[in-house]
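Hi everyone, thanks for coming. Please have a look at the structure on the screen, and then I'll walk you through some parts of it.

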Amino acid sequence: MKLFSVHFKSVLLFLGLITASSFAYGQIPVKGRVFSAEDNQGMPGVNVLIKGTSQGVVTGSDGSYNISVRNGEDVLVFSFIGFNTEEVIVENKATIDVILIPSITSLESVVVMGYSTLKRGEITSAVTTVSSDKLLDVTANDIGTMLQGKVPGIQVINASGTPGATPDIRIRGVSSFSAPQGPLYVVDGIIGGNYDPNDVETITVMKDAGATALYGSQANGGVIVITTKKARSGKTQFEFKAAAGVRVADHGHVNMMDSKTLYNYHREYFRDPELFVIDDRKFIEARPQSLLDVNTDWLNETFKPALVQNYFLSSAGNAGKLSYYIGASYYDEEGTFINTNYKRINLRANTTYTFSDRVILTNNINLSGSKTRGANYMDIYYSYTSMPWDDPYDENGNPRSFKEAEGIWSKDKINPIQSAENSELSNLGYGLDYDIDLTVKLTNWLTFSSTNRLSANTFMDKQYYSAACDNLSYFGTGYVSSRSDLNYGGITTDLLKFSFQRAAHSISGLAGFEAQGDKTDYISGSGTGIPEGMSVPSVASGQYTIEGAPNKSAMQSLISQVNYNYNNKYFLSGSYRVDQSSSFAANNRTAAFPSISGAWSINNEDFMQNLNFINNLRLKVSWGKTGMKDIGPYMYLEQFSYTTQYDGETAAVPYQMANPDLTWEQTTQFNVGLEVGLFNRVSIDFNVYNNVTDNLLVYRDLPPSGGFKKQWQNVGQAENTGFELGMSSTNIKTTNFTWTTDFSIGYNQNSLSGFGGDTIYNANDYGIVQIYHDGGTLYSWYAKEYYGIDPANGSMLWVDENGNPTHDYQSARKIEYGSPMPKFQGGFGTEIKYKSISLRANFSFVSGNKIYNYFRRYVDHDLQDVGFNVIMPRDDWKIWQQPGDVADHPLPQNASNSYDASTRFIEDGSYLKIRNISLTYELPASWVSSMKLTGLSVSLSADNPYTFTNFWGQDPEVSINPANGLPGYAEFKYPNNKQYVLGLQVRF
């Protein structure tokens, strides 16, 4: 009996402890519902856990829950497989409703494909999705920069560091000579549109015709679908982000010689070509030692550390049937080159009103304004080439003009500092997009949707050079020009969408009509003879010019698509689009773009069920056609230029020859892909593709005898073949520690055919040539073959037609010498998270391309241009000084034609770039709740801190856009930037 009493007391004590413990966790009751962002319905089975404890509940059939917490500082964690986890601080709230967003890595997650949405497990084409948290580790004004190295098959090239500049993007190579090759952007389901990177929720990159053919004649360069943010939960949520940092110019391997180094190098100019000794007497006479009294570091004087700032505030929530998202941002980027900058402000409001479970109305509006002050190309040029023996400042420390100064050694006598302070190249722009979308559920299986956008953009460009400005063309007279552009248009897409589910069979699709049109009008005026202190065309006294012209274009389309799914194992999708465009003559205005694709989810087969380590195994195949029409309106017509006079009247001269047979470029695409998921930790996506583009649009030069200078023609065929591999893995995942990695690589091989005996040469003003013919590749360099330096006398050697060395430049043979299109491109990244600290690093790389480094012609000139400074040589470079020397650079007296066009300056453009390193700290929830906040984090990041490359120039990232000149041609550019930023994110 005594023993029983002791045991009974122990049990009572134990029960009391449990009760007390339960009481400690149960002082504040909280209830609410959890909804799915996919359909706004309640979600059963969601885990609701008090963070840091094992206390939790599971939501009921309607998504409701009840839980008791200790105090207002507790954090509720809402988690469900296939959805992003949400954390909410209780504070003093008795009801907490939450909306869970599908995880983009889940096969059940919804992927926005533009006209439609599909679950990831239903997609039959090559598609990559990137979420905002993987984009915004880089502070930039454009999504393209943030995508670099993160998506297989995409090449992102930051061709200029000019404030506000956007990168070139190419998906799966290039397939055209002259037509635009960038991707089509679709914002919130509508073609085109403006946005701010901070407003972006997800990006979907569609790469094969199985996905892009639905966009027909606008999708040759792939499609990037941008989805902006929407309301996430019932409670109003605010987010504030601030980022501020410093930028410095990235000159690559470029270091210019200082006064003493250049002075000693100039001694080589006086080395006797027969005796091989330096005549110091002649040298001192020509280059007095007083030159060493001045040592100007021009790059240091013209490029300065610059401030970059980005501020963003958003609010999102629900008010009854209305959900809303409002975001405002301000981006301010000072240029690293003096007197340059870029400022941008953006305001977005997305609202959705649910009239009933059958009628939904969405209104989106985006307002933007920007102001840019850029740099004159020649000011950049002279910043590198000016001599260190010239002082840019007068006795009062003010920039002085070199034009009328004595004792100036720099060629052309231009002071870039004085020029930049007496000139202006600016742009002011405003944009408005208004979207209105109506969705009506007609029956349980049929829905009507109408998505519409009205847009307007206006820009004003100004160029001004004062009469006092050091300038080759306008010194003493001055010059001003002003141009205003107005662009406005609209697009409407009206679709019937259907969806049936019968047992294991599911079929869905859409059919409808799309129409779009836009009009552009511009007017510009310019003149010289500008009075000091004035900078508008109306005060010009000479060389007046005025220009202006409207143009417009329109397109209408029929769109259809059908998707079939059997038992989540077998998927089939087909689309058919017909476009009719005003860009071509009546006989060629219509084109059709079909596609068909399929997928087999092997992991859902019965024979795979025991292979638990394979969580995803899918085979995908697609075929289809896309096109290109965006060469501008009226290009098939005969055009004249009103640039002359006849008998005292304005007269026109022939310019562009008509081509009524001009037609669309069309690309036939074939893709095979394999998706593999292992251990719920490793994801692999591998694709092989073949894209063949017919009827290449080429803007050709014509023989002068015909009277016309240019003509648009359809010539030849381009084929791109390659593969893409994307991998992501969770290497370690514990309660407090996570390590993930991402890797992507793409390979592309380009070849040309269909030219017959025709060969096309494309040359710039400096004799640099690219060649196109059967069996060749796009943008192949064609140049005289450089052999090396003659060890006997230090002169230049070339290769003649027989393959033998020759000193005669004119008799040297021309050869094809690579292309600026890379064989491989990709990137990799890793992230380590320990408790509230995360460290992330991203890298990008390019390999197998050739860049024409014409930059070296001016700064590695073998003293053939003694008015230009010289780049510091590579450690392994050697100048010839005596017979027997094995050298890279000739004796200056024997350096004839050393910098003329040849393979000497065509270099390997491969690089590995540290794209970004960021360190983030998320403050503890208890600290955050005491400040009445829901989240607070600080970050420190370095963007573009270092590039590994053997390319001896500014930067191997060189434009491949034909609109900017020869693709892959490197001269003087506004250098890219290294950036170091401190960030703050506050949620409340």
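**A walk through the model**

Let's begin at the start of the chain: over residues 1–26 the pLDDT stays under 50, and the model has 8 contacts beyond four places in sequence for that stretch. Here pLDDT is the predictor's confidence in each residue, from 0 to 100, and contact means heavy atoms within 4.5 Å. For the protein chain the average pLDDT is 87, and 95% of the residues score at least 70.

A word on ground rules. This is a predicted model, so to speak of local features we need pLDDT of at least 70, side-chain atom pairs count only at pLDDT 80 or more, and totals for chains, interfaces and linings use all residues. Residues are numbered from 1 along each chain as its sequence is written, and side-chain values use heavy atoms, with hydrogens and water left out.

Now to the cores. A nonpolar core is a set of buried Ala, Val, Leu, Ile, Met, Phe, Trp, Tyr and Cys residues joined through side-chain atoms within 4.5 Å. Buried means under 20% relative accessible area, exposed over 50%, and partly exposed in between, using a 1.4 Å probe and protein chains only. The largest nonpolar core has 48 residues, and Tyr384, Ile768, Tyr852 and Phe972 have the most contacts inside it. At least two residues of this core come from each of H6, H7, H8, strand S40 (780–784), strand S41 (786–789), strand S42 (796–799) and H9. For those labels, helices (H or I, at least four residues) and strands (E, at least two) are DSSP runs, numbered from the N terminus. Which helix gives this core its largest share? That is H7, with 4 residues. There is also a second, separate core of 21 residues, which includes Val186, Ile190, Leu495 and Leu510.

Let's stay with H7 for a moment. Helix H7 covers residues 377–385, and because 7 of its 9 residues are buried, it is largely enclosed by the rest of the structure. Those buried residues are Asp379, Ile380, Tyr381, Tyr382, Ser383, Tyr384 and Thr385. What covers them includes H6, helix H8 (416–421), strand S22 (423–441) and helix H9 (855–859).

Back to tyrosine 852 from the core. Leaving aside neighbours within four places in sequence, tyrosine 852 is in contact with Ile768, Trp781, Asp900, Ala901, Ser902, Phe905, Ile906, Gly968, Tyr969 and Ala970.

Next, some sheets. Two strands pair if DSSP finds at least two bridges between them. One open sheet has 4 strands in the order S3-S2-S5-S6, with antiparallel pairing. Strand S3 (56–58) and strand S6 (86–89) are at the edges, each with a single partner strand, so one side of each has no neighbour in the sheet. Within that sheet, strand S2 (residues 47–50) and S3 run antiparallel and are joined by 3 bridges; asparagine 47 has valine 58 in S3 as its bridge partner.

Another open sheet has 3 strands, in the order S41-S42-S43, and the pairing is antiparallel here as well. Its edge strands are S41 and strand S43 (805–806), each pairing on one side only. S41 and S42 pair over 3 bridges, and glycine 788 stands opposite leucine 797 in S42.

Then there is strand S52 (residues 977–987), joined by 11 bridges to strand S17 (residues 237–249), with the two running antiparallel. Alanine 249 has asparagine 977 as its bridge partner in S52. S52 also pairs with strand S50 (residues 935–948), in the antiparallel sense, over 9 bridges; there, leucine 936 is matched with valine 986.

Glutamate 239 has its place in S17. Is glutamate 239 buried or exposed? It is buried, with a relative accessible area of 14%. Its side chain makes a polar contact with the side chain of glutamine 985, at 2.4 Å. A polar contact is a pair of N or O atoms within 3.5 Å; within protein, one must be able to donate a hydrogen and the other to accept it, and residues adjacent in sequence count only if both atoms are side-chain atoms.

Last stop: threonine 296, in the loop between helix H5 (280–286) and helix H6 (298–302). Threonine 296 counts as buried, at 10% relative accessibility, and its side chain reaches the backbone oxygen of aspartate 390 at 2.7 Å.

That's my tour, thanks for listening!
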